[in-house]
Amino acid sequence: MNFTVSPDHAQSCEKVALRICEIVRQKPNAKLGLATGSTPEPVYRRLAQLCKEGAVDFSHVRTVNLDEYWGLAPTHPQSYRYYMDQNLFNHINIDKANTYVADGLADPDRAAAALDEAVFAGGAPDFQLLGIGGNGHIAFNEAGERLSADSHVVALTQSTIDANARFFENAGQVPRKAITMGMKGILAAAEVWLLASGAAKQNAVRGLVEDGAVTTQNPATFLKLHQNAHILIDEALAKLVGLQGG
Ligand code: GLP
């Protein structure tokens, strides 16, 4: 795993945005695996800006998102489809027909199977962007006794529901289930870039730094098995997990 410590989160995001541009310039029809949450928002803002400046052309790019809440319509302001449209797709020259976010209203098992199809059709993603949950979840692969290789329907843990309650009026409105890419889809990407910032992520990130252990209790540790995984954190978080800046 490659660790990069930046002075602040904005600079971590800048590095990721520039890497995405580089990939798209080299391969105009690249397939990008994308993530939601507050962590990657600055990446999307920067990509929108770079696209506007003509520095990158998304017209042939394909995207597939990690996950979607089950039961939310694409028009629901907290759905991940809505998030992607608002934060990125509406601001770049991508063809929305080439963007895939699981259907939160479809039969969940079918939606999961369709997500895996989108992940692997025409080859696995060239790039995968990730955030991380406080319990180490990536996408919605929750910490627990076992992880699923395939995309699947997942019951969210209470800690995830509580963490995401800030986006809803109250925790009671957070969907209890989600459709998520499985570990196989995430690890199949040619390169994986995980962004983390904030003290709430310190336990999860410490598990990445400490040793070579891989555990289902911290799903992000499976990235240790990937040959081209990048972890980008800011100095404040690096200090908390005992990693030197640089
Ligand atoms: C959700 C998403 C994850 C994301 C995580 C962290 O649970 N499914 O993909 O990484 O939240 O979100 P945030 O970046 O808002 O802390």
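The paragraphs below go through the ligand site and then the enclosed empty space of this predicted model.

The ligand is a natural place to begin. It is surrounded by 13 residues, and the closest of them are Ser 38, Thr 39, Asp 67, Arg 166 and Lys 201. Sorted by class, this shell around the ligand is made up of 6 polar, 4 nonpolar and 3 charged residues. As for where the ligand sits, the space that it takes is the largest pocket.

Individual polar atoms give a finer view of this site. A polar backbone atom of Ser 38, which is among the closest residues, lies 2.8 Å from an oxygen atom of the ligand, and a polar backbone atom of Ala 139 is 3.4 Å from a nitrogen atom of the ligand. A side chain takes part as well, since Asn 164 places a polar side-chain atom 3.4 Å from an oxygen atom of the ligand. Taken alone, the ligand would expose 390 Å², and the protein buries 95% of that area.

Empty space enclosed by the protein is a separate matter. Rolling a probe the size of a water molecule over the atoms shows where such space is left. Over the whole structure, a search finds 1 cavity of 30 Å³ or more, and the largest cavity holds about 40 Å³ of space. Its lining consists of Ile 20, Leu 32, Leu 34, Leu 47, Phe 58, Thr 63, Leu 88, Phe 89, Ile 92 and Ile 94. By class, 9 of the lining residues are nonpolar and 1 is polar, with no charged residues, whereas the shell around the ligand includes 3 charged residues.

Note on methods:
Residues are numbered from 1 along each chain as its sequence is written. This is a predicted model: local features need pLDDT of at least 70, side-chain atom pairs count only at pLDDT 80 or more; totals for chains, interfaces and linings use all residues. Side-chain values use heavy atoms; hydrogens and water are left out. A residue is near a molecule or strand if one of its heavy atoms lies within 4 Å of it. A polar contact is a pair of N or O atoms within 3.5 Å; within protein, one must be able to donate a hydrogen and the other to accept it, and residues adjacent in sequence count only if both atoms are side-chain atoms. Accessible areas come from the Shrake-Rupley method with a 1.4 Å probe; for residues, only the protein chains shown count as cover. On a 1 Å grid over the protein atoms alone, a cavity is a set of points where a 1.4 Å probe fits but cannot get out, and a pocket is an open set with protein on both sides within 12 Å along at least five of seven lines; lining residues have an atom within 4 Å of a point. A molecule sits in a cavity or pocket if more than half of its atoms lie within 2 Å of its grid points. Ala, Val, Leu, Ile, Met, Phe, Trp, Tyr, Cys and Pro count as nonpolar, Asp, Glu, Lys and Arg as charged, and the others, Gly among them, as polar. Grid points are joined across faces, edges and corners, and a volume is the space filled by probe spheres set on the points.
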